[in-house]
Amino acid sequence: MAEVRDDAKRAGLLRQLVRFVLVGGFCALVDSGAYWLLLQAGLWVHLAKAISFVLGTTTAYFLNKRFTFADAADRGAGQAGGFALLYTVTFFVNVGTNALMLAVLPTFRGEYAVAWVIAQGVGTTINFVLLRTVVFRAGR
């Protein structure tokens, strides 16, 4: 009986991880698309990153709530507040990592893309773990 429960947990985790990656891929397109558009418009790089992060994050909240963690107990404002707190922290980690990478990477044609990818990787890892275990945890 315990093996069946463990198999179901692993399948649930895998399903969530696959959905998280798909939703994250779409949200990354929103984020990176906005980032590049804002850079092309001449916006200061760190402000462009901040705005694009907020756009990608807002999209992520609604899609993750609806598709990735649909089995989570809906805790209303507490859930939205937890999401906002997590993404506030992740915002500073993401924008800070991007700024750090731009400061330490040598100047080359793809430096902005490399910094963006590294910042996304760090933020994505933090987000999946905390979204799954805190914000959208399954109802007990």
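In which helix is Asp 31 found? In this predicted model, Asp 31 turns up in helix H1. Its relative accessibility is just 3%, so Asp 31 counts as buried, the limit being under 20%. Setting aside residues up to four places away in sequence, Asp 31 touches Lys 49, Ser 52, Phe 53, Gly 56, Trp 116 and Gln 120. Two of these partners, Trp 116 and Gln 120, are themselves listed among the buried residues of H4.

Stepping back to the whole chain, there are 4 helices and 0 strands. Reading along the sequence gives the pattern α-α-α-α. The C-alpha trace spans about 55 × 30 × 20 Å along its principal axes. Of the chain's 140 residues, 34% count as buried. Contacts often link parts of the sequence that are far from one another: among contacts with a separation of 6 or more, 72% come from residues 24 or more positions apart.

Two of the helices can be checked against a simple ruler. Helix H3 covers residues 76-104, which makes 29 residues. From its first C-alpha to its last, H3 reaches 42 Å, close to the 42 Å expected at 1.5 Å a residue. For H4, the 25 residues should span 36 Å at that rise, and the end C-alpha atoms sit 33 Å apart, so the two values agree.

Both helices also have buried residues. In H3 these include Phe 83, Leu 86, Tyr 87, Asn 94 and Met 101. In H4 they include Glu 111, Ala 119, Gly 123, Phe 128, Leu 131 and Val 135. Not every nonpolar residue on these helices is tucked away, though. Phe 92 lies in H3, yet it has a relative accessible area of 57% and is therefore exposed, the cut-off being over 50%. From Phe 92 to Val 104 is 12 residues in sequence and 18 Å in space, C-alpha to C-alpha. Val 117, in helix H4, is another case: its relative accessibility is 51%, so it counts as exposed. Val 117 and Leu 47 are 70 residues apart in sequence, and their C-alpha atoms are 17 Å apart in space.

What about the inside? In soluble globular proteins, nonpolar side chains tend to be buried together. Here, the largest nonpolar core has 14 residues. Those with the most contacts inside this core are Phe 69, Phe 83, Tyr 87, Leu 131, Val 135 and Phe 136. Helices H1 (2-40), H2 (45-68), H3 and H4 (111-135) each give two or more residues to it. Phe 83 shows how the pieces meet: leaving aside neighbours within four places in sequence, Phe 83 is in contact with Thr 57, Ala 60, Tyr 61, Leu 131, Val 135 and Phe 136.

There is also a second, separate core of 9 residues, including Tyr 35, Val 45, Ala 48 and Leu 105. Val 45 lies in helix H2 and has a relative accessible area of 14%, so it is buried. Beyond its neighbours within four places in sequence, Val 45 is in contact with Tyr 35, Leu 39, Leu 102 and Tyr 112. Arg 19 is another matter: Val 45 and Arg 19 are 26 residues apart in sequence and 30 Å apart in space, C-alpha to C-alpha.

Leu 63 is also placed in helix H2. With a relative accessible area of 22%, Leu 63 is partly exposed, because the buried class stops under 20%. Apart from neighbours within four places in sequence, Leu 63 is in contact with Val 23, Phe 26, Cys 27 and Thr 68. Leu 63 and Gly 24 are 39 residues apart in sequence, but their C-alpha atoms are 9.1 Å apart in space.

Gly 24 comes up again in the largest pocket, which has a volume of about 310 Å³. This pocket is lined by 21 residues, and those nearest its centre are Gly 24, Cys 27, Gln 120, Thr 124 and Asn 127. H1, H2, H3 and H4 each give two or more residues to the lining. The largest share, 8 residues, comes from H1. By class, the lining has 9 nonpolar, 11 polar and 1 charged residues.

Technical notes. Residues numbered from 1 in each chain as written. Predicted model: local features only at pLDDT ≥ 70, side-chain atom pairs only at ≥ 80, totals over all residues. Heavy atoms only, no water. Expected span 1.5 Å × (residues − 1). Buried < 20%, exposed > 50% of the residue type's maximum accessible area, 1.4 Å probe, protein only. Core = buried A, V, L, I, M, F, W, Y, C linked by side-chain atoms within 4.5 Å. Contact = heavy atoms within 4.5 Å. 1 Å grid on protein atoms, 1.4 Å probe; cavity = no way out; pocket = protein on both sides within 12 Å on 5 of 7 lines; lining within 4 Å. Points joined across faces, edges and corners; volume = space filled by probe spheres on them. Nonpolar A, V, L, I, M, F, W, Y, C, P; charged D, E, K, R; others polar.
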